[in-house]
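Welcome! Please take a look at the sequence and the 3D structure below, and then use this briefing as a guide to some of the details.

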Amino acid sequence: MLVIILALIWGTSFILIKKGLVVYAPNEVGALRMVIACAALLPFAIRNVRKVEPHRWKFLLGSGMLGNFLPAFLFAIAETRVASGLAGVLNSLTALFTLLVGAALFGQSITWMRMLGIVIGIAGTAILIFTGNGNAELDNMYYGLYIVLATVFYGISANLIKFRLQGMKAIAVSSLALLTVGPLALVYLLTTDFLYKLQHVPGAWEALMYIAILAVFSTAIALILFNKLIQISTTLFASSTTYLIPIVALMWGVLDGETIHLWHYLGMVVILLGVFIVNRAK
């Protein structure tokens with residue numbers, strides 16, 4: 001049930017980013033997302049801040065930066081050129097990088113079948129990013145590499161939560177990880193044109209509403225659910241929410257008038273095949 005709820009919430013996040021970008025620059029969207037998410041969970045962070053063992057703070061900071069702060073900016077930058085539906089598809093690589101990071105840094109086993117799934121997933125990514133109709137679209141799709149980098153960060157963060165923050169409640173991990181990056185995002189936000197746009201640009205409040213929904217549901221609440229899922233299962237199973245996220249993301253994209261080409265569908269199928277093999281392989 002948690003997997004389905006997460007897929008619906010996260011699958012909707014890509015269209016919300018797109019709506020926020022109508023008015024705000026990518027850096028403003030990313031910073032706003034972090035500030036609002038941090039504020040939403042601040043009461044829980046205050047309640048748990050003194051309970052944290054000192055050696056865990058570096059892992060909370062790592063999770064905050066790699067699992068939240070940097071991806072928030074990378075996805076916003078990418079969606080200035082990449083359709084929200086395709087961003088949701090590329091997000092599927094999270095499952096593959098979670099496995100690779102677990103094997104490389106945390107001693108998790110990796111079989112030849114899982115390696116095959118990773119190779120297939122990477123091939124699907126190449127199809128999705130480097131094929132299109134015309135040079136303009138091809139140039140735009142290079143922005144998909146920002147999303148690929150974000151999924152690498154997600155993979156590292158998921159393993160940190162599983163192997164370095166075990167024993168902590170999901171809401172404590174989520175709120176404190178956001179607390180480590182929220183103030184930084186706020187300071188940065190105040191250096192942008194956010195306040196000017198909010199006061200003078202038509203549609204700024206509506207765009208802010210979309211970003212607020214993104215921050216509260218797709219970041220704060222979803223982070224708690226995801227961390228809980230990691231704690232009660234494996235990192236690989238938790239990251240398998242990426243099976244369903246592309247379906248939700250593509251649905252929203254199509255409803256919003258985005259054009260998805262045949263090559264894009266082929267790339268999506270190949271990526272999901274790779275993720276399927278990785279999750280099913282023993």
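Helix 6 covers residues 93–105, and its 13 residues reach 18 Å from the first C-alpha to the last, close to the 18 Å expected at 1.5 Å a residue. Helices (H or I, at least four residues) and strands (E, at least two) are DSSP runs, numbered from the N terminus, and the expected span of a helix is 1.5 Å times one less than its number of residues. This is a predicted model, in which local features need pLDDT of at least 70 and side-chain atom pairs count only at pLDDT 80 or more, while totals for chains, interfaces and linings use all residues. Residues are numbered from 1 along each chain as its sequence is written, and side-chain values use heavy atoms, with hydrogens and water left out.

**Helix 6 and what follows**

- Buried residues in helix 6 are Leu93, Thr94, Ala95, Leu96, Phe97, Thr98, Leu99, Val101 and Gly102; here buried means under 20% relative accessible area, exposed over 50%, and partly exposed in between (1.4 Å probe, protein chains only).
- Glycine 107, just after helix 6, takes a positive phi of about 70°.

**The chain as a whole**

- The chain has 15 helices and 0 strands.
- Its radius of gyration is 18 Å, which agrees with the value near 19 Å for a compact globule of 282 residues; the radius is taken over C-alpha atoms, and the globule rule is 2.2 Å times the number of residues to the power 0.38.
- Along the principal axes, the C-alpha atoms fill a box of roughly 45 × 45 × 30 Å.
- Of the 282 residues in the chain, 54% are buried.
- Among contacts in the chain with a separation of 6 or more, 88% come from residues 24 or more positions apart; a contact means heavy atoms within 4.5 Å.
- About 12300 Å² of the chain is exposed, and carbon and sulfur atoms supply 70% of it; these areas come from the Shrake-Rupley method with a 1.4 Å probe, and for residues only the protein chains shown count as cover.

**Helix 2 and leucine 189**

- Helix 2 (residues 26–40) has 15 residues that should span 21 Å at 1.5 Å a residue, and its end C-alpha atoms are 21 Å apart, which agrees.
- Among the buried residues of helix 2 are Glu28, Ala31, Leu32, Arg33 and Val35.
- Cover for the buried residues of helix 2 includes helix 1 (2–20), helix 3 (42–48), helix 4 (57–78), helix 10, helix 11 (194–200) and helix 12 (204–232).
- Leucine 189 is found in helix 10 and is buried, with a relative accessible area of 4%.
- The C-alpha atoms of leucine 189 and alanine 31 are separated by 5.7 Å, although their positions lie 158 residues apart along the chain.
- Beyond its neighbours within four places in sequence, leucine 189 is in contact with Glu28, Ala31, Leu32, Val35 and Phe194.

**Glutamine 166 and arginine 56**

- Glutamine 166 sits in the loop between helix 9 (144–164) and helix 10 (170–189), where it is partly exposed at a relative accessible area of 40%.
- Setting aside neighbours within four places in sequence, glutamine 166 is in contact with Arg56 and Ile161.
- The side chain of glutamine 166 reaches the backbone oxygen of phenylalanine 163 at 3.2 Å.
- Arginine 56 lies in the loop between helix 3 and helix 4 and counts as buried at 12% relative accessibility.
- Leaving out neighbours within four places in sequence, arginine 56 is in contact with Arg164, Leu165, Gln166 and Met168.

**Aromatic rings**

- Rings of Phe, Tyr and Trp (its six-membered ring) pair if their centres lie within 6.5 Å; planes under 30 degrees apart count as stacked, over 60 as edge-to-face and the rest as tilted.
- By this rule there are 8 aromatic pairs.
- Phenylalanine 106 and phenylalanine 163 form a stacked pair, 5.5 Å centre to centre with 20° between the planes.
- Phenylalanine 106 lies in the loop between helix 6 and helix 7 (112–130) and phenylalanine 163 in helix 9, so the pair ties together parts that are 57 residues apart in sequence.
- Phenylalanine 106 is buried at 17% relative accessible area, whereas phenylalanine 163 is partly exposed at 21%.
- Ring pairs also link Phe14, Phe75 and Tyr154 into a cluster.

Definitions and conventions: Polar contact = N/O pair within 3.5 Å; in protein donor to acceptor, adjacent residues only side chain to side chain.
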